[in-house]
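Reader: Hi! I've got a structure open on my screen and would love a friendly walk through it. Could you help me find my way around?

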Amino acid sequence: AASTRHGLTVEDGLAQQIEAESQRLGDVAVRTGHSAGSIKHCKVGDVVIELGPDSAAAGAKIAVEAKEDASYTIAAARNEIETARKNRRAQVGLFVFSSKTTPTGMEPVTRYGQDIVVTWDLEDPRSDLFLRTGLSLARGLCVRQRQHTQAEAADFSAIEAAILEIEKQAGKLGEISEV
């Protein structure tokens, strides 16, 4: 109650933390929880972070969802963040459990594929480390995905070049057989 954060909701406090961290890193965080996303009438996804122009994955998006609800299990959180990613057209998801309602036995920072689940306490600045770690991991996953996508594009270019060369050589074989 004596904290400077007292009186904020978990979502508001989290949004403030994410906005500050995003600004520090050159990214842009936008509160999106009160507006529908790409899924009709769906407001899932409290904040969307767009990686800034200096990032190796400039323009990539991270959807963030926060809950202070004891009924949420890790499975429910994973479903929710998957929906948030789809709804906000994000590459990576970050689900933030309030430390007051974190499922028993959950690690402070956990990754499930393209989603990260963290525990954070609005009233305890020491837990900001878990949030920053989750954000850093999310940014890294965006970069990895971008590199993977670029490598796939390069592979397709090489395949297309090889096919064109084969067609060219096949044409020459046709000319030789006519002689």
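**A walk through the fold**

Author: Happy to! Along the sequence, the elements of the protein come in the order α-β-β-β-α-β-β-β-α. Keep in mind that this is a predicted model.

Reader: Thanks! How many helices and strands does the secondary structure come to?

Author: There are three helices and six strands.

Reader: And what share of the 179 residues is buried?

Author: Buried residues make up 38% of the 179. The accessible surface of the protein is about 10300 Å², and 54% of that belongs to carbon and sulfur atoms.

Reader: What about contacts between residues 24 or more positions apart?

Author: Counting the contacts with a separation of 6 or more, 54% are between residues at least 24 positions apart. For one pair of residues far apart in sequence, take Thr9 and Glu68: they are 59 residues apart along the chain, and their C-alpha atoms are separated by 9.2 Å.

Reader: Where does Thr9 lie?

Author: Thr9 is in the segment before helix H1, which covers 10-25. Thr9 counts as partly exposed because its relative accessible area is 40%, which falls between the 20% and 50% cut-offs.

Reader: Let's switch to the strands. Is S6 mostly covered or mostly open?

Author: Mostly covered: S6 spans residues 115-120, and six of its six residues are buried. That holds for both faces, with Asp115, Val117 and Thr119 on one side and Ile116, Val118 and Trp120 on the other.

Reader: Which way does S4 run relative to S6, parallel or antiparallel?

Author: Parallel. S4, residues 92-98, pairs with S6 over six bridges. If you want a spot to look at, Ser98 stands opposite Trp120.

Reader: And how many bridges join S5 to S6?

Author: Four bridges, and here the two strands run antiparallel. S5 covers residues 109-112, and Val109 has Val118 as its bridge partner in S6.

Reader: What sits between S5 and S6?

Author: Two residues lie between them, and the two strands form a hairpin. In the turn, Gly113 has a positive phi of about 60°.

Reader: New topic: how many aromatic pairs turn up in the whole structure?

Author: A search of the whole structure gives two. In the pair of Phe95 and Phe97, the ring centres are 4.9 Å apart and the planes stand at 65°, so the pair is edge-to-face.

Reader: Are those two rings' residues, Phe95 and Phe97, buried or exposed?

Author: Both Phe95 and Phe97 are buried. Together with Tyr72 they form one aromatic cluster.

Reader: I also clicked on Glu80. Where does it lie, and why does it count as buried?

Author: Glu80 is in helix H2, residues 74-87. Glu80 counts as buried because its relative accessible area is 15%, and the cut-off is under 20%.

Reader: Which residues does Glu80 touch?

Author: Leaving aside residues up to four places away in sequence, Glu80 touches Val44, Glu65, Lys67, Tyr72 and Phe95. Two of these, Tyr72 and Phe95, belong to the aromatic cluster we just looked at.

Reader: Last one: what space lies in the largest pocket, and which residues line it?

Author: About 180 Å³ of space lies in the largest pocket. Its lining includes Glu11, Asp12, Ala15, Arg31, His34 and Asp46. Helix H1 gives the most to that lining, with three residues.

Notes. Residues numbered from 1 in each chain as written. Predicted model: local features only at pLDDT ≥ 70, side-chain atom pairs only at ≥ 80, totals over all residues. Heavy atoms only, no water. Buried < 20%, exposed > 50% of the residue type's maximum accessible area, 1.4 Å probe, protein only. Pairing = 2+ DSSP bridges. Phe/Tyr/Trp six-rings, centres within 6.5 Å; stacked < 30°, edge-to-face > 60°. Contact = heavy atoms within 4.5 Å. Areas by Shrake-Rupley, 256 points an atom, 1.4 Å probe, with all protein chains shown as cover. 1 Å grid on protein atoms, 1.4 Å probe; cavity = no way out; pocket = protein on both sides within 12 Å on 5 of 7 lines; lining within 4 Å. Points joined across faces, edges and corners; volume = space filled by probe spheres on them.
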